[in-house]
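Reader: Please take me through the spaces of this model and the criteria behind each label. I should like every value set against its definition.

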Amino acid sequence: MKAYQEMSREELLELQEELTKQYEEIKAKGLSLDMSRGKPSASQLDISMEMMDVLNSKTDLKCETGVDCRNYGVPDGIPEAKRLLGEISEVDPDHILIYGNSSLSVMFDSVARSMTQGVMGHTPWCKLDKVKFLCPVPGYDRHFKITEFFGIEMINVPMLSTGPDMDMVEKLVSEDASIKGIWCVPKYSNPQGITYSDETVRRFARLKPAAEDFRIYWDNAYSVHHLYDEDQDFLIEILEECVKAGNPDIVYKFTSTSKISFPGSGIAAVAASKANLEDFRRYMQIQTIGHDKLNQLRHVRFFKNLDGVHEQMRKHAEIIRPKFETVEATLEKELGGLGIGQWTKPKGGYFISFDSMEGCAKAIVAKAKEAGVVMTGAGATFPYGKDPKDSNIRIAPTFPEPEELAMATEIFVLSVKLVSIAKLLENK
Ligand SMILES: Cc1ncc(COP(=O)(O)O)c(C=O)c1O
C-alpha cells in the first residue's frame, strides 16, 4: 500500500468508500471497549491476592523495632518499609519517607506546601507574582492538573528520544527565577515510554536554576515496570548525581507500589536530601498522626525484598507484554508505511504514544468513540488539555482483555485511516 499523501483524489475517495463500509459494519455491532485507562487488568490484580492472607487476626503485628502497627505512630514509616521502598527507589532508607496510598497526593501536597509554606525557608509561592513550571510534553495529565489547580503557569518543553530538551530546560531555568519546578517521569515515561539518557540525568543534576527553591519533581512511577526480561532500559540514580554535582537539594523523587500491588491500596514514598525531608516532615506532622502501617507490614511481608518485587513484575509483564505486542503489531500491519501516524515501542511502563497527522487527533478519538472505543481524550497529554498540533493520542493497552484490545485496536486504526483521508481530501 502506498503512502496516503501520494494518492490521487480518486484513489483516496475509493479507499474512503471501502473503509467507511468496514467502519459502519463494526459500528453496527454496538461495541463498548475502553483503551483509555492506565490501570492493571483484573488478572494482574490477582497476582497480589496472597497479600490479603499475609495478615490475619493471629498475626504478630509488630514491626521489627517492636512497635505495634495497629496503633498511631512512626510517621516516617516502619524501618522494613523504608528499606523496601529504598531498594525500589535505589536510595538509602535514611533518605526515604513512607506515605499513604498514593504518590500523586504526595506530589499534590508538595506543591501545596511550597505554595503556602515555601521551600526550605524561601518565600511561599503564593506570595509571588508569578510561579511557573516546565512540563515535558507529551506528559502525564494528572501532573498538569495539579499545577493548573494552583494557578501555576505551565511551559511546554518538547520530549526528545533522550528525555526533555535539556538545552531548553537549562536556558529557561537559569534565566527565569519564577520557574520553580519541572514534572518528570524519567523511566518508561507516561505516555511515550521513554527513559532519560545518562547525559540527561546528569544535566538535570547540574542545573543552575535562577530560583534557589527550584525543584525537579522526579516521578519514578515505572522504575521496575519492564516488559522484557533482557531488553530493559536503565536509568541512572539522580539523588547521587545531584550530590556529586553539589546540588543535593534540587530533586524530590516520588514512587509507589500502585502498579506493583494494588493501585489505590499500595504504599507511596518520597526520597530526597535530609534538608528537603525536614520540610516534608514539618508539614506531614500537622497533617497526620501516621500512615497505614498495617499496609506497610502487608507489603513488606509479601514482597520481602527487591527480588520479590522483580519476581512480581515478571508476572505482570507476562500478562501485559502480549497486549503491547498486539497493539504494536496491528499498528505496524495496518498503518506502517502509510505516512499517517507514528508510535512509540516502549520496553516498559503502561502506555504507547501515537502521533497522527497534524490536526487529526481529536477527530480520531471522536471517530473511535462513535464506534464504541473510548480513548484518552486528545490533548490530555498537554498542559491545559491543549495539544498545539492536535496530534498526540495515548494508548493504554493494559486494562482490556486481549480479545477486546485486539478489536479496539482495529477500530482505532480504521478511525486513523478515515480521519487522515478526510484531512488529505481537504487539500486535493
Ligand atoms: C507517572 C505517574 N505517576 C503517578 C501515578 C499515580 O500514582 P499513585 O497511584 O501512586 O498516586 C501514575 C498513574 O497512572 C502515573 O502514570
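**Pocket, ligand and cavities**

Author: The largest pocket has a lining of 26 residues, and those nearest its centre are Gly38, Tyr140, Arg142, Ser258 and Lys259. Helix H4 (103-116) and helix H5 (141-149) are the elements that give two or more residues to this lining. The model is predicted, and local features therefore need pLDDT of at least 70 and side-chain atom pairs pLDDT 80 or more, whereas totals for chains, interfaces and linings use all residues. Residues are numbered from 1 along each chain as its sequence is written, and side-chain values use heavy atoms, without hydrogens and water.

Reader: What makes a space a pocket, and what makes it a cavity?

Author: Both are found on a 1 Å grid over the protein atoms alone. A cavity is a set of points where a 1.4 Å probe fits but cannot get out, while a pocket is an open set with protein on both sides within 12 Å along at least five of seven lines; a lining residue has an atom within 4 Å of a point. About 650 Å³ of space lies in the largest pocket. Such a volume is the space filled by probe spheres set on grid points, which are joined across faces, edges and corners.

Reader: Why are H4 and H5 called helices, and which supplies the largest share of the pocket lining?

Author: They are called helices because each is a DSSP run of H or I with at least four residues; a strand is an E run of at least two, and numbering starts from the N terminus. The largest share, three residues, comes from H4.

Reader: How do you know that the ligand sits in the largest pocket?

Author: The criterion is that more than half of the molecule's atoms lie within 2 Å of the grid points. The ligand does sit in the largest pocket, so it meets that criterion.

Reader: What makes a residue part of the ligand's surroundings?

Author: One of its heavy atoms must lie within 4 Å of the molecule. The residues around the ligand include Ser102, Ser103, Leu104, Tyr140, Val185, Asn190, Asp219 and Tyr222. By class, this shell has five nonpolar, five polar and two charged residues. Nonpolar here means Ala, Val, Leu, Ile, Met, Phe, Trp, Tyr, Cys and Pro, charged means Asp, Glu, Lys and Arg, and the others, Gly among them, are polar.

Reader: Why are the ligand's pairings with Tyr222, Leu104 and Asn190 called polar contacts?

Author: A polar contact is a pair of N or O atoms within 3.5 Å; within protein, one must be able to donate a hydrogen and the other to accept it, and residues adjacent in sequence count only if both atoms are side-chain atoms. A ligand oxygen is 2.9 Å from a polar backbone atom of Leu104. For side-chain N or O atoms, the distance from a ligand oxygen is 3.1 Å at Asn190 and 2.6 Å at Tyr222. Each value is within 3.5 Å, so each pair qualifies. The protein covers 87% of the 400 Å² of accessible area that the ligand has on its own, by the Shrake-Rupley method with a 1.4 Å probe.

Reader: How many cavities of 30 Å³ or more does the structure hold, and what lines them?

Author: There are two. The largest has about 90 Å³ of space and 14 lining residues, with Pro136, Pro138, Gly139, Val185 and Asn190 nearest its centre. Its lining has nine nonpolar, five polar and no charged residues. The second largest has about 40 Å³, and its lining includes His225, His226, Lys259 and His316. Helix H11 (residues 306-335) gives the largest share of that lining, four residues.

Reader: What makes the bonds before Pro138 and Pro191 notable?

Author: Both are cis: omega is near 0 degrees from Val137 to Pro138 and near 10 degrees from Asn190 to Pro191. Pro138 lies in the loop between strand E3 (132-137) and H5.
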